[in-house]
Amino acid sequence: MILYLLPLIALAMIIVPLVIAIKRTKAGVKVNRKRTVLLNGGMFIGTMILMTMFMPVIASAQAPEAIAEAGISVGEGMKYLAAALPTGLATIGTGIAVGNAASAAIGATSEDEKNFSKALIFVALGEGVAIYGLLVSILILNG
């Protein structure tokens with residue numbers, strides 16, 4: 001039963017700071033946005049660390065014979081976590097790069113329409129980072 005409740009508890013821990021900030025904003029109370037975002041990020045990271053540490057323990061306590069039958073080990077789980085990290089981090093980097101490049105491209109295009117093709121190339125270069133993260137994840141999963 002706790003195996004099904006744990007993700008819901010984790011989701012609640014992540015969303016609570018944002019819900020409180022939205023309610024305070026609607027009530028007219030001044031909210032420190034930087035602190036809210038940092039608190040939300042901290043709750044997210046803390047929740048992910050707790051889930052990473054406790055989920056295998058809870059799952060193995062729930063059905064040890066099913067895990068033995070499937071042949072799942074902690075190393076197998078870490079392989080999937082290691083495959084998820086490059087894709088996730090590369091996607092975050094791509095979002096930052098494309099966000100900055102696209103706004104600059106819009107500005108350059110609005111000044112002179114001849115700059116559109118050059119600006120589009122720089123936006124596409126930022127997208128390549130996500131492809132490299134995906135390739136690294138594929139190599140980890142197949143290796």
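This tour moves through the structure from the whole chain to individual residues, naming a selection at each stop.

**The whole chain**

Begin with the entire protein, which is a predicted model. Its secondary structure amounts to 5 helices and 0 strands, and the order along the sequence reads α-α-α-α-α. Of the 143 residues in the protein, 15% are buried.

**Colouring by confidence**

Next, colour the chain by pLDDT. The mean for the protein is 84, with 87% of residues at 70 or more. Select residues 64–70, helix α3: confidence is lowest here, at a mean of 64. Then select residues 116–142, helix α5, where confidence is highest, at 90.

**Helix α2 and a nonpolar patch**

Select residues 33–62 to display helix α2, and pick out Met48 within this helix. Is Met48 buried, partly exposed or exposed? Met48 has a relative accessible area of 34% and is therefore partly exposed, as this value falls between the 20% limit for buried and the 50% limit for exposed residues. Now extend the selection to Phe44, Ile45, Ile49, Leu50, Met53 and Phe54; together with Met48 these residues form a nonpolar patch on the surface. The accessible area of the patch as a whole is about 650 Å².

**Helix α4: Glu76 and Lys79**

Move to residues 74–111, helix α4, and select Glu76 there. Glu76 is partly exposed, its relative accessible area being 28%. Add Leu141 to the selection and draw a C-alpha to C-alpha distance: Glu76 and Leu141 are 65 residues apart in sequence, and the separation in space is 9.7 Å.

Select Lys79 and Tyr80 next, with side chains shown. What sits over the ring of Tyr80? The charged end of Lys79 occupies that position, 5.7 Å from the ring centre. A search for aromatic pairs, by contrast, returns 0 in this structure.

**The loop between α4 and α5**

Finally, select Asn115, located in the loop that lies between α4 and α5. Asn115 has a relative accessible area of 25%, which means that this residue is classed as partly exposed, above the 20% limit for buried residues. To place the loop residue relative to the preceding sequence, add Ala105: the two residues are 10 apart in sequence, and their C-alpha atoms are 8.0 Å apart in space.

Definitions and conventions:
Residues are numbered from 1 along each chain as its sequence is written. This is a predicted model: local features need pLDDT of at least 70, side-chain atom pairs count only at pLDDT 80 or more; totals for chains, interfaces and linings use all residues. Side-chain values use heavy atoms; hydrogens and water are left out. pLDDT is the predictor's confidence in each residue, from 0 to 100. Helices (H or I, at least four residues) and strands (E, at least two) are DSSP runs, numbered from the N terminus. Rings of Phe, Tyr and Trp (its six-membered ring) pair if their centres lie within 6.5 Å; planes under 30 degrees apart count as stacked, over 60 as edge-to-face and the rest as tilted. A charge sits over a ring if NZ of Lys or CZ of Arg is within 6 Å of the ring centre and within 35 degrees of the ring normal. Buried means under 20% relative accessible area, exposed over 50%, partly exposed in between (1.4 Å probe, protein chains only). Patches are made of residues with over 30% relative accessible area and no salt bridge: like charges are joined within 9 Å, nonpolar side chains (Val, Leu, Ile, Met, Phe, Trp, Tyr) within 5 Å. Accessible areas come from the Shrake-Rupley method with a 1.4 Å probe; for residues, only the protein chains shown count as cover. A salt bridge is a side-chain nitrogen of Lys or Arg within 4 Å of a carboxyl oxygen of Asp or Glu.
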